[in-house]
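Please open the model in your viewer and keep the sequence panel beside it, since each stop on this tour begins with a selection.

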Amino acid sequence: MRPYVILNAAMTLDGKIATRTGSSNISGKEDLERVHQIRKGCDGIMVGIGTVIADDPRLTVHKIDARPEDNPVRIVVDSRCRTPVDSRITNSDAKTIIAGANEYKEEYMKTDAYETLKKRGVKFFFSGAERVDLKALMNYLHEEGIEKLMLEGGATLNFSMIKSGLIDEISICVAPMVAGGANATTFFDGDGFDEMDDAVKLELIDYYPLGKDFILNYRVLND
Ligand SMILES: NC(=O)c1ccc[n+]([C@@H]2O[C@H](COP(=O)([O-])OP(=O)(O)OC[C@H]3O[C@@H](n4cnc5c(N)ncnc54)[C@H](OP(=O)(O)O)[C@@H]3O)[C@@H](O)[C@H]2O)c1
């Protein structure tokens with residue numbers, strides 16, 4: 001069993017979710033409120049360690065009316081447990097799970113960072129050899145009561161998740177901007193597929209303008 005997974009992101013018209021320097025301020029006010037509404041309806045919000053290091057996100061519900069108990073569990077996919085102890089994702093606003101890989105478990109558990117985060121109530125889950133086993137992680141999150149999970153990037157984790165057939169829905173905000181740059185971060189990076197025939201197929205289920213932006217919702221056709 002695994003959670004139902006909704007991937008949400010904001011991209012420029014040319015498919016970039018951040019510039020080559022890591023700047024990622026894309027959504028308009030209305031879209032940010034929409035994102036927080038989705039967060040409020042989910043049991044967990046997951047990001048990759050690249051996003052934590054680049055953006056230091058809070059991953060709480062704070063742009064709409066919400067109670068502390070509306071905050072979903074925050075999950076960082078972080079094989080080498082590099083999540084900085086002072087990152088906002090580990091504050092007391094919500095529960096946090098750091099998902100690491102087995103190769104790094106023993107050494108990490110000897111560190112001050114581990115002790116500090118454990119005292120703060122952060123939970124740890126280890127799977128996979130050198131990289132987090134996403135299927136095992138999904139299974140664990142479901143066992144932890146996370147039935148609906150919001151995936152909020154970044155590009156590398158998005159591709160691993162969709163390639164593994166672990167995303168059910170995609171909600172994308174397309175902003176009327178062009179960032180350009182071969183080295184800018186796209187919605188899905190990773191290695192990509194060699195053949196277009198292998199590309200993951202989607203079904204458009206909804207679309208509408210929102211402020212300056214445009215929202216597209218897709219169902220992922222996993223086989
Ligand atoms: N516009 C938006 O909506 C939006 C949303 C989110 C992020 N972003 C942007 O995206 C950028 C970050 O994206 P990113 O691609 O650099 O990082 P990322 O996808 O957030 O994190 C990738 C990292 O996750 C770890 N990981 C562990 N197991 C993995 C697995 N099985 N598959 C994939 N990754 C795994 C890897 O590091 P380890 O091997 O060390 O574990 C990997 O390098 C930032 O610039 C951020 O601003 C934009």
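Begin with the loop between β7 and α6, where Gly 154 is found. Keep in mind throughout that this is a predicted model. Select Gly 153 together with Gly 154 and look at the peptide bond joining them, which is cis, with an omega of about -5°.

Next, turn to the ligand and display the 27 residues around it, of which Thr 51, Asp 55, Ser 79, Thr 156 and Ser 160 come nearest. If you colour this shell by class, you will find 12 nonpolar, nine polar and six charged residues. Which elements each supply at least two residues of the shell? They are β1 (4-12), β2 (16-18), α2 (49-55) and α6 (155-163), and α2 gives the most, with five residues.

Now show the polar atoms of the ligand and of the residues beside it. An N or O atom in the side chain of Thr 51 is 2.7 Å from a ligand oxygen atom, while at Gly 50 a backbone N or O atom lies 3.2 Å from an oxygen atom of the ligand. At Ile 17, a backbone N or O atom lies 3.0 Å from a ligand nitrogen atom. The ligand taken alone exposes 920 Å², and the protein buries 86% of that area.

Leave the ligand and select the largest nonpolar core, which has 34 residues; those touching the most other members are Met 46, Leu 137, Met 138, Leu 141, Met 161 and Ile 167. Elements that each supply at least two residues of this core include β4 (73-77), β5 (96-100), α5 (134-143), β8 (169-175) and β11 (213-220). Centre the view on Met 138 and, leaving aside its neighbours within four places in sequence, pick out its contacts, which are Met 1, Arg 2, Pro 3, Val 5, Met 46, Leu 149, Met 161 and Leu 166. Another core, of eight residues, lies apart from the largest one, and among its members are Cys 81, Ile 98, Tyr 108 and Val 122.

Stay with Cys 81, which is found in the loop between β4 and β5. Its phi is near 50°, a positive value in a residue other than glycine, and Cys 81 counts as buried because its relative accessible area is 9%, under the 20% cut-off.

Finally, select Leu 59, in the loop between α2 and β4. Here too phi is positive in a residue other than glycine, near 55°, and Leu 59 is buried, with a relative accessibility of 2%.

Definitions and conventions:
Residues numbered from 1 in each chain as written. Predicted model: local features only at pLDDT ≥ 70, side-chain atom pairs only at ≥ 80, totals over all residues. Heavy atoms only, no water. Near = heavy atom within 4 Å. Polar contact = N/O pair within 3.5 Å; in protein donor to acceptor, adjacent residues only side chain to side chain. Areas by Shrake-Rupley, 256 points an atom, 1.4 Å probe, with all protein chains shown as cover. Helix = DSSP H or I, 4+ residues; strand = E, 2+ residues; numbered from the N terminus. Nonpolar A, V, L, I, M, F, W, Y, C, P; charged D, E, K, R; others polar. Core = buried A, V, L, I, M, F, W, Y, C linked by side-chain atoms within 4.5 Å. Buried < 20%, exposed > 50% of the residue type's maximum accessible area, 1.4 Å probe, protein only. Contact = heavy atoms within 4.5 Å.
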